[in-house]
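Thanks for coming. I will take one structure today and go through a few of its parts.

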Amino acid sequence: MKKRLLCAFLCLNLCLGFARGAGDSFPDVKDTDWFAPYVKVCVDAGLMNGTGDGGFSPADTITVAQVAAIAARLGEQLNSKPIVEGTPAPGETLPWYHWYVEYLKGYGLTLTRLEEQATRQEFFTLLSAVTPAASLAPINSITQLPDTQDKSVLAFYNAGVLTGTDEYGTFSPGRGLTRSEAAAMLARIVKPELRQSFTPREKPQGEADVELNTKVALVINGQEMTVGEFASWLVQVAYYWDSYYYNNFNTRLPWDEETESILLTQAKNQAVAYVTMSAQAAQLGCSIQDLAAVLTPSPTREQLAAFVAQEGLLRAKHILVTDEVSAQSIIDALNAQPTQAQFDNILSLLGTDPGMASNPDGYLFVPGEMVEEFEAGTKALEIGAYSSQPVPSSFGFHVILRLDPLDHPELPAMYQEDRMNDLVDQWIAQASVQVDELVMSEIDIQSTYEFYLQSLSQNGT
């Protein structure tokens with residue numbers, strides 16, 4: 001499938017996932033990473049945990065559902081108000097985030113777009129709702145910011161939790177944020193000693209406007225974008241690729257002319273996508289996050305079936321155990337009672353993949369997304385059938401149940417997102433983009449990125 005522009009960047013190293021416990025280390029969080037101490041604080045406090053690939057996925061953008069879980073856990077700790085999990089109705093399957101969402105209703109929050117990327121505004125709206133004012137004692141005196149007057153956001157700035165995306169304290173409310181950035185800000189809420197004193201620089205006026213950050217880098221459909229604004233897209237692209245190289249090859253992003261040319265092109269495409277999507281959203285009277293649903297109404301079953309065939313989508317549950325004998329015993333039990341209810345019962349008792357808890361409807365995936373043995377084992381089955389013998393992989397032994405992708409509740413949203421990506425590709429191709437090559441040539445991309453990393457390390461976001 002295409003890269004999902006709505007969600008910044010897809011991880012290129014997807015594999016069958018097994019989330020780690022709060023006390024475990026993560027292979028993609030090195031001691032030397034700027035975010036390592038923040039991740040440790042959040043994991044030890046039980047506010048964040050691992051992701052489906054067995055790591056922490058620091059460069060991945062955070063979803064509304066993940067923010068809901070974080071906010072609920074934070075509210076439970078700060079307000080001594082426990083999260084209560086009820087009992088599903090017979091035959092009812094609830095999404096992993098259901099009880100967190102229900103909990104937040106007690107704070108007057110009604111959430112939508114749960115599977116989509118959260119914005120910085122949404123992140124702090126949820127955290128503000130559960131964080132008592134007494135937990136945000138001010139250490140700064142900031143009365144205004146370049147792009148927001150939200151008093152709840154200012155409270156986080158003044159408490160030293162938040163310092164913005166640049167030296168001026170710019171909040172960037174519509175931008176997404178990575179899991180590492182979220183961990184940094186969250187850690188400062190629970191550990192006041194990590195908070196940062198910050199005085200935003202005043203934006204230059206008059207003759208000072210000739211400074212590089214205020215120069216117009218490109219004009220998209222008549223809308224000017226300054227170097228400072230374009231830099232936010234540039235560092236996101238660089239951060240993604242730097243993390244990819246580091247986590248997969250234990251090396252840093254190679255800085256050469258080819259790399260910088262690629263970064264500029266991808267950052268420009270991201271900026272064009274954002275501007276065109278913003279214009280479409282304003283015209284339709286909806287948010288960017290709701291564009292996919294507005295522009296691509298609920299698909300028919302025939303459209304979904306065609307989409308499944310086109311993408312080669314697969315869906316499966318599995319019971320993962322550590323040894324072949326246990327796997328064979330599970331198959332013997334299923335042979336005696338070959339029903340999905342029996343499979344689910346055994347899964348809940350013996351399965352060792354925590355990813356199944358967060359994916360109760362099974363994994364919905366494209367070829368190449370899961371480990372090879374799991375994918376091959378799924379393809380070998382008819383829909384509704386389970387493994388007749390244990391399927392070994394580097395994770396252990398799997399007993400797989402293949403399910404119909406058409407019945408997965410997330411399929412319509414996946415279809416809408418794919419159609420949305422087609423539209424975004426068209427908008428990018430059709431957009432009127434004027435690039436000031438002279439201004440672009442003045443941007444020191446590596447230094448801009450290194451400054452961004454330094455600001456994260458010292459001041460957070």
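I will start with a sheet and the helices on it, then turn to salt bridges.

One caution before that: what you see is a predicted model.

First, the sheet. Which strands form it, and in what order? Three strands make up an open sheet, ordered β2-β1-β7, and their pairing is antiparallel. The edges are held by β2, residues 223-226, and β7, residues 433-435. Each of these two has a single partner strand, so one side of each has no neighbour in the sheet. From one strand to the next, the twist averages 20°.

Now the pairing of β1 with β2. Strand β1 covers residues 216-220, and four bridges join it to β2, the two running antiparallel. If you want one pair to look for on the screen, take V219, whose bridge partner in β2 is E224.

Next, the helices on this sheet. Helix α7, residues 227-249, packs on the sheet and touches β1 and β2. The direction of α7 makes about 75° with that of β2. Helix α8, residues 257-284, lies across β1, β2 and β7. Its angle to β1 is about 50°.

That leaves the salt bridges. How many are there in the whole structure? A search finds eleven. I will go through three of them.

The first on my list is K105 with E102, where the closest N and O atoms are 2.9 Å apart. Both residues sit in helix α3, residues 98-105, three residues apart, which puts about one helical turn between them. Are they buried or exposed? K105 has 45% relative accessibility and counts as partly exposed. E102, at 32%, also counts as partly exposed.

The next pair is R201 and E167, whose side chains meet at 2.6 Å, N to O. Where do these two residues lie? R201 is in the loop between α6 (179-190) and β1, while E167 is in the loop between α5 (151-158) and α6, so the salt bridge ties together parts that are 34 residues apart in sequence. R201 is partly exposed at 42% relative accessibility. E167 is partly exposed as well, with a relative accessible area of 26%.

The last pair is D418 and R419, with 2.6 Å between the closest N and O atoms. D418 has 1% relative accessibility, so D418 counts as buried. This salt bridge belongs to a network, in which D418, R419 and D422 are linked.

That is what I have for today.

Note on methods
Residues are numbered from 1 along each chain as its sequence is written. This is a predicted model: local features need pLDDT of at least 70, side-chain atom pairs count only at pLDDT 80 or more; totals for chains, interfaces and linings use all residues. Side-chain values use heavy atoms; hydrogens and water are left out. Two strands pair if DSSP finds at least two bridges between them. Axes are lines fitted to C-alpha atoms, for helices over the stretch in contact, and angles run from 0 to 180 degrees between N-to-C directions. Contact means heavy atoms within 4.5 Å. A salt bridge is a side-chain nitrogen of Lys or Arg within 4 Å of a carboxyl oxygen of Asp or Glu. Buried means under 20% relative accessible area, exposed over 50%, partly exposed in between (1.4 Å probe, protein chains only).
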